[in-house]
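Student: I have a model open and would like to go through it with you. Could we start with the strands and then move on to the cysteines?

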Amino acid sequence: MRRTAGVLALLLALLGVVATPAGAVEPWEWHSEQPVAEGIGVPASLGEIGDVECWSANRCLLITAGNEGRPAGLYAYDGTRWYLYSTVCGGHEGRIAWAGPDDFWTISDQRPSEESSIRGDLEGLSLCHFVNGEVKASFAEPTGQADSFLKMDAAACAGPDDCWFAGERLPGEPNVGAFHLHWDGSSLTAIPSLTDPEPWLSDPGRSVFGLAFFGGQLFESVVVQAEDQAEGEPEPSFLHRINLGAGAPFERLETPGLVTGGTPEGLEGFRFASNGASLWALSGATERGATTTPTLLTFQGFSFSQLPLSGSTFGPGTAIRGFAMEQESEGAWVSFVPRNDRSESARVARIESNGAVHGEVTLPRPEEELSKKGEAGPMSCPAVAQCWMATTKGWLFHLGGPPSEGPNTDPAMHQLITFRPCDNACPSLAGVGLPEDNSGAEPERELFAEAPEYPIPVERIRRPQPPYKHLKQKVIKGTILQLTFDLTTRAHVQLIAKERKTVVAKTAQMTMDKGHHRIRLTLDPKHWPTHLSFQVHPIKKKKKATK
């Protein structure tokens, strides 16, 4: 028994985890609350976490890029535990926007294709729309084209028919300004257009840092690219109000009395937080902001004004990593990194409605006896004394105990999602001979193994001498059907997919010689086939003419 306990203790130590005595951390205090790794039953890192967002205290999500032991995807919290929710649509610095209790969007990494397989070039370039426990749609465009999506850093929804996504500035052809996508409930539109000149929508040299809906209005935090700043005094970050019905849809908001506490170029974009009754915007220092201290703005009816911060918590050069107001409360929590901090610990503090900053906590707390889990990262506060914060090492910390509303038992939030539909960036097929692409987040699998309710029988044309053998089938990336087979003779080959009696996809009729072959067919999830016809017609050898 002692040997077993010693081995367990060694394993925990190697993982950076030490058992915490019962009752050492009160449930209403900040404390570690990490999902356990399958198989070994101890907490383990989730990889890089881009965002944490909650619809309610017992309905939260986080998006991660994964690591060697965990997939890139999403994790969900139901009031009792965090668990793997989706193995698709993850991403580095991903974002989450709730549109309803079972309706949300993610800014995700785009799937690698044959044209672009470098992961760093695909980060934040695609969207996934989750509805009722499945990825209803995926949106992406091929890279390197005029209508290619730019990297997105912000997302917000007012409801199922009004969502916005934004990020880097446009290249200037045909429009200038920041890249925006708008979902109106049925279609996704680039605003300004990526292909048609729309000078009235221009806002030169901007990139979007954050988005927020409040009081029926949409606000965005804007940063100015250094190369686009005019000579002389650099321009600080500022705020926009977006109204597509106005003559100038991107309205710059005045912020009287704004004091950065340092040079304007050292102030990063503003992070929004709202409790339903108030809207706050907080900005900290960039890497260049050695003398810059955090700046807090509050929205008062028609404009933002500065609320001075008091206390010694935020010194010059403090960087803000997360910001969230407690719902039904007048306070907010901030995750931050002091200038030149190399401790690999996370710090959080509370801001009261009068601007007083207090309650600084360094995580993990000493009494938890945990190794350091990285600097502070994104956070969300869905209720009074209920907050979550993720660190740069993929670790979660929780303020509060179990939610008062009890566990969330919604079936749509308790089924593992492994399928992502195809989008415009999926590789196009031009017959046979394409190299196999296994670089996507989803592994190859047997045909529709994840959707047995849609079996597709393969009709084989029977002949006295079978023209083919060793027929095998599998799906790549969820929507690309691949057949491999050996022809026993030269033949005309074609694969046809039908939805009942309607042809929904087919390959060209190809002439193939005897030997091993492969063909691929892209299937449309909106018109899912119910029948496949694999047609092989041997080519009869012509008889030599006799004299």
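Student: How many bridges join strand E11 to strand E12, and do they run parallel or antiparallel?

Tutor: This is a predicted model, and in it strand E11, residues 162-169, is joined to strand E12, residues 178-183, by five bridges, with the two strands running antiparallel. Within that pairing, alanine 166 has histidine 180 of E12 standing opposite.

Student: What sheet do they belong to, and in what order do its strands come?

Tutor: They belong to an open sheet of four strands, ordered E10-E11-E12-E13, in which the pairing is antiparallel. The edges are taken by strand E10 (152-159) and strand E13 (188-190), and because each of these has a single partner strand, one side of each is left without a neighbour in the sheet. On average, and with direction ignored, neighbouring strands of this sheet are turned by 15 degrees against each other.

Student: What is the strand order in the open sheet that holds E2?

Tutor: That open sheet has four strands in the order E2-E3-E4-E5, and the pairing is antiparallel. Strand E2 (49-56) and strand E5 (82-86) are at its edges with a single partner strand each, so one side of each has no neighbour in the sheet. Here the average turn between neighbouring strands, again ignoring direction, is 25 degrees.

Student: And how many bridges join E2 to E3?

Tutor: There are six bridges between E2 and strand E3, which covers residues 59-64, and the two run antiparallel. To pick out a pair, glutamate 53 has leucine 61 in E3 as its bridge partner.

Student: Switching to cysteines: how many disulfides are there, and what is the pairing in sequence order?

Tutor: The structure holds five disulfides. If the bonded cysteines of the protein chain are numbered in sequence order, the pairing reads 1-2, 3-4, 5-6, 7-8, 9-10.

Student: Which cysteine is joined to cysteine 89, and where do the two sit?

Tutor: Cysteine 89 is joined to cysteine 128, with an S to S distance of 2.1 Å. This pair links distant parts of the chain, 39 residues apart, since cysteine 89 lies in the loop between E5 and strand E6 (95-100) while cysteine 128 lies in strand E8, residues 126-131. The angle about the S-S bond is -80 degrees, and the link is left-handed. Both cysteine 89 and cysteine 128 are buried.

Student: Is the link of cysteine 381 and cysteine 387 left-handed or right-handed?

Tutor: That link is right-handed, with 110 degrees about the S-S bond, and the sulfur atoms of cysteine 381 and cysteine 387 are 2.1 Å apart.

Student: Why do cysteine 381 and cysteine 387 count as buried?

Tutor: The cut-off for buried is under 20% relative accessible area. Cysteine 381 therefore counts as buried, because its relative accessible area is 4%, and cysteine 387 does so because its value is 0%.

Student: What about cysteine 422?

Tutor: Cysteine 422 forms a disulfide with cysteine 426, at an S to S distance of 2.0 Å, and both cysteine 422 and cysteine 426 are buried.

Student: Last topic, confidence: where does pLDDT stay under 50?

Tutor: It does so over residues 1-27, for which the model has 26 contacts beyond four places in sequence, and over residues 429-464, for which the model has 92 such contacts. Where pLDDT is low, the predicted coordinates should not be read in detail. For the protein chain, the mean pLDDT is 82, and 80% of the residues reach 70 or more.

Notes. Residues numbered from 1 in each chain as written. Predicted model: local features only at pLDDT ≥ 70, side-chain atom pairs only at ≥ 80, totals over all residues. Heavy atoms only, no water. Pairing = 2+ DSSP bridges. Axes fitted to C-alpha atoms, helices over the stretch in contact; angles between N-to-C directions. Disulfide = S-S within 2.5 Å. Buried < 20%, exposed > 50% of the residue type's maximum accessible area, 1.4 Å probe, protein only. pLDDT = per-residue confidence, 0-100. Contact = heavy atoms within 4.5 Å.
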